[in-house]
Structures are given as structure tokens and as C-alpha cells.
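User: Walk me through how the labels on this one are earned, please. I'd like each value set against its cut-off.

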Amino acid sequence: MRLSRIIMALSVGLAIVAAPTAAGAAQPQPPVYPPVVASLTVTPTTITLGETFTLNGRNFLPNEQVRIDVAISNLPVAAPAEGTARRSDGSTVAMASVSYTSSLAGPQTAPTTFTVTADANGSFTVTYRPTRPGRYTFTATGLTSGRTASATGIVLPKRPPRPPHHGGHLPVTGDSIGTPLKLGGGLAGAGAVLLLGSLAWRRRRLG
């Protein structure tokens with residue numbers, strides 16, 4: 001009888017100890033969400049100097065201040081400092097690269113750092129007009145969240161204007177036709193003089 005009481009007491013004790021553990025295990029655990037990653041896109045990705053990029057940022061905090069840093073580097077395939085160009089007559093002429101310099105009368109240099117404000121959804125849209133060719137890397141950083149995102153765009157130099165082209169034919173100058181005409185006229189005159197001289201000589205000989 002005493003042994004059965006001991007066994008019953010041990011069973012009750014084990015049940016009491018195991019009850020909180022089972023209750024804790026039965027409670028639902030809070031869901032684990034993946035970290036929010038900010039994004040930045042540049043459209044279009046390639047423009048010509050004088051055109052504008054559009055920057056679109058997503059997944060920042062609502063109404064957060066976002067700093068945008070701009071890093072500018074040379075194009076992947078840059079023109080050599082000095083090269084040669086071939087003329088129509090087959091000769092070559094040296095050509096030097098043109099450096100871009102700012103002037104008081106010219107457009108202001110595009111900023112390399114500026115700040116925008118995200119909307120209630122943590123998004124923003126801003127335009128950016130580059131002032132020189134190159135590869136532009138934009139990095140957006142949330143000043144409160146610390147979230148960052150980057151995107152790249154390429155700015156090509158303007159193409160030089162083409163000269164007027166009429167009917168697909170090159171213009172004809174006076175020298176290109178005048179010289180053959182003069183040469184042909186001289187040969188015809190010389191031939192006529194020789195013919196008349198030959199006829200006169202034959203008449204004298206036969207007469």
C-alpha cells in the first residue's frame with residue numbers, strides 16, 4: 001500500500017513538471033518574415049548626352065529621406081587620346097580627343113549627391129540629367145532604415161551632324177570636268193592641223 005502511494009506521488013510530480021513544457025510547445029510561434037530589400041532602377045539604361053534618366057526606388061520606409069550618390073566613370077570602350085582619320089584622297093590626318101570643360105554660360109554640372117523623400121509606400125521617382133558622357137552608378141541609401149540599392153546607366157556622347165546629302169551623288173566641281181574637256185579640245189585641234197597640212201602637202205606634190 002505504501003509503495004503504491006509512492007508511485008502515485010511520483011506520477012503526479014512528473015505530470016506537474018511536464019505540464020508547462022507541453023503548454024509552451026503547444027503555443028504557436030510568430031512567423032519569420034524575410035528582410036525587406038530596397039531596389040533601384042534606371043530607365044532607360046542607355047541615353048545620349050542631353051537626355052534624362054528616370055530613377056525609381058522601392059521598399060524604403062514610408063516618408064523616409066533617401067540620399068542618392070552618383071559615381072561617374074569613363075565608358076567601357078573609350079576612344080583613344082589620339083587617332084587617325086582617312087581623307088577621300090587616301091591620306092590620313094591626326095585627330096585629338098575633345099575635353100569637356102564647364103563655362104559660366106554653359107549648363108550647370110549635374111549633382112553627385114542629392115536627397116529625395118519616399119512616399120507613404122516607401123517609393124520615389126526622380127529624374128536626373130547628366131552633363132557629360134560616361135558610366136553613371138546611382139546608389140540610394142535610406143537615412144533612417146539604412147537600406148541601400150544601386151543601379152547603373154550609360155551616357156553616350158552626341159553624334160556630329162551629317163553633311164547634306166542630295167540624291168546619293170557627290171557634288172561635281174568644275175575642275176573635274178573642265179580638265180578633260182580642255183585636253184580633248186587640244187587633241188582635236190592638233191589633229192585638224194595635221195590633217196590640213198597633210199592635204200596641202202599632197203596637193204603640192206601632185207600639182
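**Labels and cut-offs**

Analyst: Let's start with Thr109, which is found in the loop between β6 (92-96) and β7 (113-117). Keep in mind that this is a predicted model.

User: Why is Thr109 called exposed?

Analyst: Exposed takes a relative accessible area over 50%. Thr109 has 60%, so the label fits. As for its surroundings, the C-alpha atoms of Thr109 and Arg132 are separated by 8.5 Å, with the two positions 23 residues apart along the chain counted as their separation.

User: What makes Asn59 stand out in terms of phi?

Analyst: Phi of Asn59 is near 65 degrees, which is positive, and the residue is something other than glycine. Asn59 lies in the loop between β3 and β4 (65-73).

User: And why does Asn59 count as partly exposed?

Analyst: Buried means under 20% and exposed means over 50%, with partly exposed in between. Asn59 comes in at 37% relative accessibility, so it lands in that middle band.

User: Where is Asn63 placed, and what is its phi?

Analyst: Asn63 is in the loop between β3 and β4 too. Its phi is about 60 degrees, positive although the residue is not a glycine.

User: Is Asn63 buried or exposed?

Analyst: Its relative accessible area is 53%, and the cut-off for exposed is over 50%, so Asn63 is exposed.

User: How many salt bridges does a search of the whole structure find?

Analyst: Just 1. The partners are Asp69 and Arg67.

User: How do you know that Asp69 and Arg67 form a salt bridge?

Analyst: The test asks for a side-chain nitrogen of Lys or Arg within 4 Å of a carboxyl oxygen of Asp or Glu. Here the closest N and O atoms are 3.2 Å apart, so the pair passes. Asp69 has a relative accessible area of 24%, so it is partly exposed. Arg67, at 30%, is partly exposed as well.

User: Which strands form the open sheet, and in what order?

Analyst: 3 strands do, in the order β1-β3-β8, with antiparallel pairing. On average, neighbouring strands of this sheet are turned by 20 degrees against each other, direction ignored.

User: Why are β1 and β8 called edge strands?

Analyst: β1 (39-43) and β8 (124-128) each pair on one side only.

User: How do you know that β1 pairs with β3?

Analyst: Pairing needs at least two bridges between the strands. 5 bridges join β1 to β3 (residues 53-58), so the requirement is met. For a look at one of them, the bridge partner of Leu40 is Gly57 in β3.

User: What is the peptide bond from Thr43 to Pro44 like?

Analyst: That bond is cis, with omega near -15 degrees. Pro44 has its place in the loop between β1 and β2 (46-48).

User: What about the chain overall: which elements does it run through from the N terminus on?

Analyst: The chain has 2 helices and 10 strands. From the N terminus on, they go α-β-β-β-β-β-β-β-β-β-β-α.

User: How many residues are in the chain, and what share is buried?

Analyst: There are 207 residues, and buried ones make up 18%. The accessible surface comes to about 16100 Å², and 62% of that belongs to carbon and sulfur atoms. Among the contacts with a separation of 6 or more, residues 24 or more positions apart account for 65%.

Definitions and conventions:
Residues are numbered from 1 along each chain as its sequence is written. This is a predicted model: local features need pLDDT of at least 70, side-chain atom pairs count only at pLDDT 80 or more; totals for chains, interfaces and linings use all residues. Side-chain values use heavy atoms; hydrogens and water are left out. Helices (H or I, at least four residues) and strands (E, at least two) are DSSP runs, numbered from the N terminus. Buried means under 20% relative accessible area, exposed over 50%, partly exposed in between (1.4 Å probe, protein chains only). Contact means heavy atoms within 4.5 Å. Accessible areas come from the Shrake-Rupley method with a 1.4 Å probe; for residues, only the protein chains shown count as cover. Axes are lines fitted to C-alpha atoms, for helices over the stretch in contact, and angles run from 0 to 180 degrees between N-to-C directions.
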